[in-house]
Amino acid sequence: MFIRNAWYIGAWAHEVEQAPFPRTIMNEPIVFFRDHAGKVGALEDRCCHRAAPLRFGQVVEGGLECGYHGMVFDGSGQCVKIPAQDKIPAKACVRHYAVVEKDEFIWIWMGDPELADESSIIDYPFHNDHERWPHKHAVYEIEASYKLMVDNLMDMTHVGYVHKSTIGGNPNVHVDAKTIVTPGDNGLKYVRWLLNSPPPATYSKVVEFKGNIDRWAEFEYIAPSSIIQWTGGIDVGKGAQENRDQDGVAIRVFHGLTPVTETSCLYFWAPAHGFRQDEPQITEALYREIDTAFKEDKRIVEAQQAMLLSTGEDRTVDLVSDAARIQMRRVMQRLEKESNPVD
């Protein structure tokens with residue numbers, strides 16, 4: 001079951017230009033476009049006339065023109081022009097989706113457009129502060145359920161094993177980390193402290209530490225599929241737990257998972273760094289390091305999905321370290337029931 005009455009990332013803002021931009025979300029073919037005023041629209045990628053995909057059309061005055069017979073649809077899905085025909089039939093329309101451009105994202109509401117509340121969209125001001133938080137972003141196509149990708153982010157004990165050569169470091173440090181999980185109505189927050197630990201390879205490449213560091217990983221899950229991450233490390237003895245805003249490594253990452261099908265998703269991510277901000281090479285180096293690490297996640301989660309499809313989930317076992325993941329799944333299950341009520 002999909003949670004439809006919620007905001008998901010449909011695209012990075014730069015991906016959507018005037019040329020039609022197709023994307024499948026929740027098994028539904030969608031086409032994004034910008035009208036001549038620059039406003040983003042999203043329609044079902046299917047003309048109501050002969051079911052030709054609208055992605056083969058073009059943006060014209062008035063909206064998106066079908067590339068088969070020239071019907072034009074505005075952002076609300078209404079047909080506003082039919083070549084050589086003055087009267088427009090009442091049924092000449094296509095499904096439209098509520099969309100909002102904010103913080104470099106194109107957000108899309110997959111449920112009832114009348115229920116789409118823009119004020120409920122996550123605020124992420126860091127993408128608008130390039131001077132203090134320079135960043136670079138990407139999107140992956142993942143052959144695995146978005147739930148498994150959220151699982152992965154809710155369980156940081158895997159970091160020491162999957163990412164040994166990049167952001168991981170010593171696995172024992174991660175296993176023994178002090179973890180605090182705080183449930184919320186629409187998600188949860190958890191913080192992990194890795195005190196007096198060696199800096200991982202990624203950190204050492206961008207900041208010179210004196211020795212061991214006090215390291216943290218803070219994740220906020222906002223249902224159904226967004227995670228805000230704040231991680232970093234400071235030299236031991238500087239009171240990191242009381243004040244993380246000191247010289248060292250400070251990285252903020254936005255993770256957005258959008259379901260394509262039941263077993264595939266889009267993974268939008270962007271790391272921003274709060275140190276050495278005036279050095280573009282650091283932005284690029286950090287991006288490359290994290291790209292390597294996240295592709296390690298992609299590889300193992302896709303293999304996990306294939307195994308679950310083959311063997312099922314009946315024989316999986318929960319561990320103490322799954323506390324945040326289990327809480328996250330409970331929130332998802334509640335929202336799924338609310339979004340798909342049984343008559």
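Start by selecting Phe-294: this ring is buried, with a relative accessible area of 6% (buried means under 20% relative accessible area, exposed over 50%, and partly exposed in between, with a 1.4 Å probe and protein chains only). You're looking at a predicted model, where local features need pLDDT of at least 70 and side-chain atom pairs count only at pLDDT 80 or more, while totals for chains, interfaces and linings use all residues. Residues are numbered from 1 along each chain as its sequence is written, and side-chain values use heavy atoms, with hydrogens and water left out.

**Aromatic pairs**

Now add Tyr-267, which is buried too, at a relative accessible area of 1%. A search of the whole structure turns up 17 aromatic pairs. For a pair, the ring centres of Phe, Tyr or Trp (its six-membered ring) lie within 6.5 Å; planes under 30 degrees apart count as stacked, over 60 as edge-to-face and the rest as tilted.

Go to Trp-193 and Trp-216, a tilted pair at 5.9 Å centre to centre with 50° between the planes. Trp-193 belongs to strand β13 (residues 187-197) and Trp-216 to strand β14 (residues 213-222), so this pair links distant parts of the chain, 23 residues apart. Helices (H or I, at least four residues) and strands (E, at least two) are DSSP runs, numbered from the N terminus. Trp-193 counts as buried at 8% relative accessibility, and Trp-216 does at 1%.

Swing back to Tyr-267 and Phe-294: they make a tilted pair, 5.7 Å centre to centre and 35° between the planes. Tyr-267 is in strand β17 (residues 264-273) and Phe-294 in helix α6 (residues 280-311), so the pair ties together parts 27 residues apart in sequence.

**The aromatic cluster**

Next, select Trp-12, Phe-105, Trp-107, Tyr-124, Phe-126, Trp-133, Phe-254 and Phe-268 in one go, and you have one aromatic cluster. Zoom in on Phe-254, found in strand β16 (residues 249-261). Phe-254 counts as buried, at 1% relative accessibility. Try a distance from its C-alpha to that of Glu-220: the two are 34 residues apart along the chain and separated by 9.9 Å.

**Strand β10 and its partners**

Phe-105 and Trp-107 from that cluster lead you to strand β10 (residues 105-109), where five of five residues are buried. In a regular strand the side chains alternate between the two faces of the sheet. Which residues cover each face of β10? Phe-105, Trp-107 and Trp-109 are on one side, Ile-106 and Ile-108 on the other, and all are buried.

Show the neighbours now. Strand β1 (residues 7-12) pairs with β10 in the antiparallel sense over five bridges (two strands pair if DSSP finds at least two bridges between them). There, Ile-9 has Trp-107 as its bridge partner. Strand β9 (residues 98-102) also runs antiparallel to β10 over five bridges, with Glu-101 partnered by Ile-106. Stop at the hairpin of β9 and β10: two residues sit between the strands, and Asp-103 takes a positive phi near 55°.

**Charges over rings**

Select Lys-136 and Tyr-287: the charged end of Lys-136 sits over the Tyr-287 ring, 4.4 Å from its centre. The cut-off is NZ of Lys or CZ of Arg within 6 Å of the ring centre and within 35 degrees of the ring normal. Then do the like with Arg-215, whose charged end sits over the ring of Tyr-203, 5.1 Å from its centre.

**A four-strand sheet**

Head for the open sheet with the order β5-β6-β7-β8 and antiparallel pairing. β5 (58-60) and β8 (79-81) stand at the edges with a single partner strand each, so one side of each has no neighbour in the sheet. Inside, two bridges join β6 (residues 63-65) to β7 (residues 72-73), and Glu-65 stands opposite Val-72.

**Cysteines**

How many disulfides does the structure hold? Zero, taking a disulfide as a pair of cysteine sulfur atoms within 2.5 Å. For Cys-93, the nearest cysteine sulfur is that of Cys-48, 6.4 Å away. Cys-93 is partly exposed, with a relative accessible area of 31%, whereas Cys-265 counts as buried at 2%.
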